[in-house]
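Reader: I am new to reading structures, and I would like to understand how each label is earned. Could you take me through the reasoning step by step?

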Amino acid sequence: MPFPLRTLEPLKLCRLEEAGGDGAERGGPAPGDHAGAAEGGGGRRRGAVPLFGALEQVSSYALVSLLMQLSDLSRCAGDIFGGILSEADSLCHRNARLQRRLGALEALLARLDHRKVKIHTYAKINIAVLLCES
């Protein structure tokens, strides 16, 4: 069974990280770092899960998270297609080498004349005699 090369897991867009996570660990913006944080609605308290101050913060956080997921997905797709391209290139080189070998073999066979080739004949071996001797 082959080992998986890549694993993709969808992230929940508008959910915050569990205890202690703020989204910055995975590259996302922290909800309390938005413009509404200075107004008191989005500020973060020590030990508390950060909350969004306004609907604009929720939608911008969701949009940024969605864009990050799409960029990760496109990076992974580029890696997959790059692997497919290298495999196709390798197959093309192997096919060209095989065609050269077949061309050389065809040229060799074209020079042979079946009338000039001597076919060796062997005397018939009596199998019964061989079986009796052993």
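**How the labels are earned**

Author: Cys76 is a good place to begin: in this predicted model, Cys76 has a relative accessible area of 12%.

Reader: What makes Cys76 count as buried or exposed at that value?

Author: Buried means under 20% relative accessible area, and Cys76 has 12%, so Cys76 is called buried. Cys76 belongs to helix H1, whose buried residues also include Gln57, Ala62 and Met68.

Reader: Which label does Cys92 get, and why?

Author: Cys92 has 48% relative accessibility, and since partly exposed covers what is between under 20% and over 50%, Cys92 is therefore called partly exposed. As for bonds between cysteines, the rule asks for a pair of sulfur atoms within 2.5 Å, and by that rule the count of disulfides is zero.

Reader: How many helices and strands does the chain have?

Author: The secondary structure comes to two helices and zero strands. Of the 134 residues in the chain, 12% are buried, and the accessible surface is about 11800 Å², with 61% of that area belonging to carbon and sulfur atoms.

Reader: How do you know that the span of H1 agrees with what is expected of a helix?

Author: The expected span is 1.5 Å times one less than the number of residues, which for the 57 residues of H1 gives 84 Å; because the end C-alpha atoms of H1 are also 84 Å apart, the two values agree.

Reader: Why is the pair Asp72 and Arg75 called a salt bridge?

Author: The closest N and O atoms of Asp72 and Arg75 are 3.0 Å apart, and a salt bridge asks for a side-chain nitrogen of Lys or Arg within 4 Å of a carboxyl oxygen of Asp or Glu, so the pair qualifies. Both residues lie in helix H1, three residues apart, which is about one turn of the helix. A search of the whole structure finds one salt bridge.

Reader: What labels do Asp72 and Arg75 get for their accessibility?

Author: Asp72, at 39% relative accessibility, is partly exposed, whereas Arg75, at 55%, is exposed, because exposed means over 50%.

Reader: Which residues form the nonpolar patch on the surface, and what makes Leu70 fit there?

Author: The patch is formed by Leu8, Leu63, Leu66, Leu67, Leu70 and Leu73, with about 560 Å² of accessible area together. Patch members need over 30% relative accessible area, and Leu70, which is in helix H1, has 46%, so Leu70 passes that cut-off while still counting as partly exposed.

Reader: Where is Leu13 found, and which residues is Leu13 in contact with?

Author: Leu13 is in the segment before H1, and at 28% relative accessibility Leu13 is partly exposed. Leaving aside neighbours within four places in sequence, Leu13 is in contact with Tyr61, Ala62, Ser65, Leu66 and Gln69, where contact means heavy atoms within 4.5 Å. Leu13 and Leu66 are 53 residues apart in sequence, and their C-alpha atoms are 6.5 Å apart in space.

Reader: Why is Tyr61 called buried?

Author: Tyr61, in helix H1, has 0% relative accessibility, which is under the 20% cut-off, so Tyr61 is buried. The C-alpha atoms of Tyr61 and Arg15 are separated by 9.6 Å, although the two residues are 46 residues apart along the chain. Across the chain, among contacts with a separation of 6 or more, 55% join residues 24 or more positions apart.

Notes: Residues numbered from 1 in each chain as written. Predicted model: local features only at pLDDT ≥ 70, side-chain atom pairs only at ≥ 80, totals over all residues. Heavy atoms only, no water. Buried < 20%, exposed > 50% of the residue type's maximum accessible area, 1.4 Å probe, protein only. Patch = residues over 30% accessible without salt bridge, like charges linked within 9 Å, V, L, I, M, F, W, Y side chains within 5 Å. Areas by Shrake-Rupley, 256 points an atom, 1.4 Å probe, with all protein chains shown as cover. Helix = DSSP H or I, 4+ residues; strand = E, 2+ residues; numbered from the N terminus.
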